[in-house]
Amino acid sequence: MSAAKVSVVVPALNEAQNLRHVLPLIPSDVHEVILVDGRSTDGTAEVARSLLPHVRLVAQPGRGKGDALRAGFAAATGDIVVMLDADGSTDPREIPHFIEALMNGADFAKGSRFLRGGGTSDMQSYRRLGNASFVIMVRLLFGGRYTDLCYGYNAFWRRVIPLLALDGDGFEIETMMNVRALKAGLQVAEVASFEHERIHGTSNLRTIPDGMRVLRTIFRERFGSARSVARPNGRPVVAVPVESAGRATAVPVMAPDDGISWPFPAEPISLAVGIPKADAPQQVLAEP
Ligand SMILES: Nc1nc2c(ncn2[C@@H]2O[C@H](COP(=O)(O)OP(=O)(O)OP(=O)(O)O)[C@@H](O)[C@H]2O)c(=O)[nH]1
Ligand SMILES: [Mg+2]
């Protein structure tokens with residue numbers, strides 16, 4: 001068990017079929033799991049409660065993933081907040097790597113699919129290109145050496161939430177968090193992470209409109225009125241290379257009845273145990 005209390009925030013919009021692949025795999029010794037329901041019509045909240053009787057269900061006031069996450073962060077009571085998706089894309093077994101990065105001194109630990117040991121099977125080439133362009137843009141405009149930007153798996157100390165002053169409603173929220181973490185001069189760690197395809201259902205992301213929201217966010221953060229608080233090239237960005245969720249050693253298991261080969265283990269892991277990882281030291285990616 002981590003000495004710090006960990007709150008896991010999961011935004012979910014019609015993810016009832018996917019939750020059984022996600023919630024049971026959250027380490028059982030976390031402080032709380034908060035599921036932010038976006039007025040789902042498929043029984044998401046009920047399924048969450050049946051899978052995890054102690055889950056905290058939070059209703060979001062507005063619409064969009066950003067709105068949902070902000071509601072979840074406001075409700076969190078732990079020392080550390082971990083955000084991950086409800087569609088099976090993000091592996092809860094990676095949580096200990098994020099915690100480790102925070103325990104090692106990071107204020108903010110962001111998942112990266114493009115760090116050694118990370119990867120994705122859920123990103124079409126045009127989305128990959130868009131994300132890469134945004135990464136380069138953020139490096140040029142804000143400094144740091146991020147390798148990923150629009151990824152929904154991140155963790156941070158709850159005390160940094162006021163510093164981020166989040167006000168995004170949609171899929172630009174991760175970009176806003178990542179950029180504001182740099183602007184606030186936070187110690188940011190990147191943690192290698194593997195993103196899987198969503199298991200059931202369809203994406204809520206609309207590539208062009210949501211890509212435009214990300215682009216607008218980047219420019220507004222750099223050239224809008226908030227630029228006065230910018231501290232580009234702040235403290236170092238630190239990378240914590242880890243193996244991609246130990247997938248090389250994970251035993252594939254069959255989900256009970258959907259026929260999908262699912263590489264996650266049947267049992268959740270403990271925060272203290274985590275996934276076997278490479279003996280890779282922390283790696284400084286950028287000097288201030
Ligand atoms: N509460 C809430 N959750 C949302 C909303 N929009 C998206 N989500 C959740 O946010 C997570 C990421 O959304 P996705 O639709 O998977 O977007 P994506 O990962 O970019 O798209 P895919 O690659 O197709 O999975 C999922 O857990 C969604 O259920 C929303 O408006 N409200
Ligand atoms: Mg997804």
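Me: Which residues in helix 8 are met by T175, M176, V179 and K183 in helix 7?
Reply: This is a predicted model, in which local features need pLDDT of at least 70 and side-chain atom pairs count only at pLDDT 80 or more, while totals for chains, interfaces and linings use all residues. Residues are numbered from 1 along each chain as its sequence is written, and chains are lettered from A and ligands numbered from 1 in the order in which they are written. Helices (H or I, at least four residues) and strands (E, at least two) are DSSP runs numbered from the N terminus, and two residues are in contact if their C-beta atoms, placed from the backbone, lie within 7 Å. On that basis, the four residues of helix 7 meet, in helix 8, V214, T217, I218 and E221.

Me: Is helix 7 roughly parallel or roughly antiparallel to helix 8?
Reply: The axes, which are lines fitted to C-alpha atoms over the stretch in contact, with angles running from 0 to 180 degrees between N-to-C directions, come within 10 Å for helix 7 and helix 8 (residues 207-223) and cross at roughly 20°. Angles under 35 degrees count as roughly parallel, over 145 as roughly antiparallel, 65 to 115 as roughly perpendicular and the rest as oblique. Helix 7 is therefore, relative to helix 8, roughly parallel.

Me: Which residues of helix 7 make the contact with helix 5?
Reply: The axes of helix 5 (residues 125-142) and helix 7 (residues 173-183) come within 11 Å and cross at roughly 20°. From helix 5, the contact is made by F134, V138 and F142, and from helix 7 by T175, V179, L182 and K183.

Me: Which residue in strand 7 is the bridge partner of I80?
Reply: Two strands pair if DSSP finds at least two bridges between them, and strand 4 (residues 80-83) is joined to strand 7 (residues 154-157) by four, the two strands running antiparallel. Within strand 7, the partner of I80 is W157.

Me: Which residue in strand 7 stands opposite A109?
Reply: Strand 5 (residues 108-112) also pairs with strand 7 in the antiparallel sense, over three bridges. Opposite A109 stands A155.

Me: Which residues come nearest to ligand 1?
Reply: A residue is near a molecule if its C-beta atom, placed from the backbone, lies within 6 Å of it, and strand 1 (6-12), strand 2 (32-37) and helix 3 (65-75) each supply at least two residues of the shell around ligand 1. Of the 22 residues around this ligand, those that come nearest are P11, G38, A68, S203 and N204.
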